[in-house]
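Student: Could we go through the salt bridges of this model together?
Tutor: Gladly; have a look at it before we start.

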Amino acid sequence: MEDKDLIAKALEAAETAWAPYSGFRVGAAVLLEDGTVVCGNNQENRAYPLGSCAERVAVNYARAAYPTLKIKAIAIASPDSEVPVSPCGGCREVLLEAVRAQRGRDIRVIMADRTGMNVRVATVEELLPFAFEFK
Ligand code: THU
């Protein structure tokens with residue numbers, strides 16, 4: 001699957017986000033190694049800290065429903081953003097946990113704006129250098 005197709009799925013997923021408090025809808029589309037795509041969107045709560053980012057909804061859903069399949073890529077996009085949507089710090093930690101769970105195989109992170117045309121790409125390792133570790 002090409003980046004633009006995954007971005008289109010992320011933008012589509014954002015349409016059903018629950019974001020009445022921020023008004024900022026985000027969609028995420030996770031591509032698994034067998035070609036399956038799992039989508040998520042942000043789900044806010046009136047007790048604000050309880051809201052979940054789109055990336056976390058999608059990654060946790062993928063890992064819950066398809067625990068044996070590696071994640072190859074995630075596209076993140078918002079119809080409400082004029083710049084590519086970059087995952088927050090907490091989501092970077094969650095993405096890195098997925099990388100560790102698939103024995104270090106990195107995940108392509110595709111960040112897009114509302115048009116899907118302004119795109120940045122990075123790996124999780126690039127997005128979270130010097131991550132917390134314990135041994
Ligand atoms: N949000 C995401 O879903 N993903 C991001 O990468 C950044 C922020 C959500 C959280 C909240 O519901 C809204 O966007 C505004 O911060």
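Student: Which residues are linked in a network of salt bridges?
Tutor: A salt bridge is a side-chain nitrogen of Lys or Arg within 4 Å of a carboxyl oxygen of Asp or Glu. This is a predicted model, where local features need pLDDT of at least 70, side-chain atom pairs count only at pLDDT 80 or more, and totals for chains, interfaces and linings use all residues. Residues are numbered from 1 along each chain as its sequence is written, and side-chain values use heavy atoms, leaving out hydrogens and water. The network links E2, K4 and D5.

Student: How many salt bridges does a search of the whole structure find?
Tutor: That network is part of a wider picture, which also has a bridge between E82 and R114. For the whole structure, the search gives 8.

Student: How many residues apart in sequence are the parts that E82 and R114 tie together?
Tutor: Their side chains meet in a salt bridge at 3.3 Å, N to O. E82 lies in the loop between strand 3 (71–77) and helix 3 (89–101), and R114 in the loop between strand 4 (108–112) and strand 5 (119–123). Helices (H or I, at least four residues) and strands (E, at least two) are DSSP runs, numbered from the N terminus. The separation is therefore 32 residues.

Student: Is E82 buried or exposed?
Tutor: Buried means under 20% relative accessible area, exposed over 50%, and partly exposed in between (1.4 Å probe, protein chains only). Because its relative accessibility is 61%, E82 counts as exposed.
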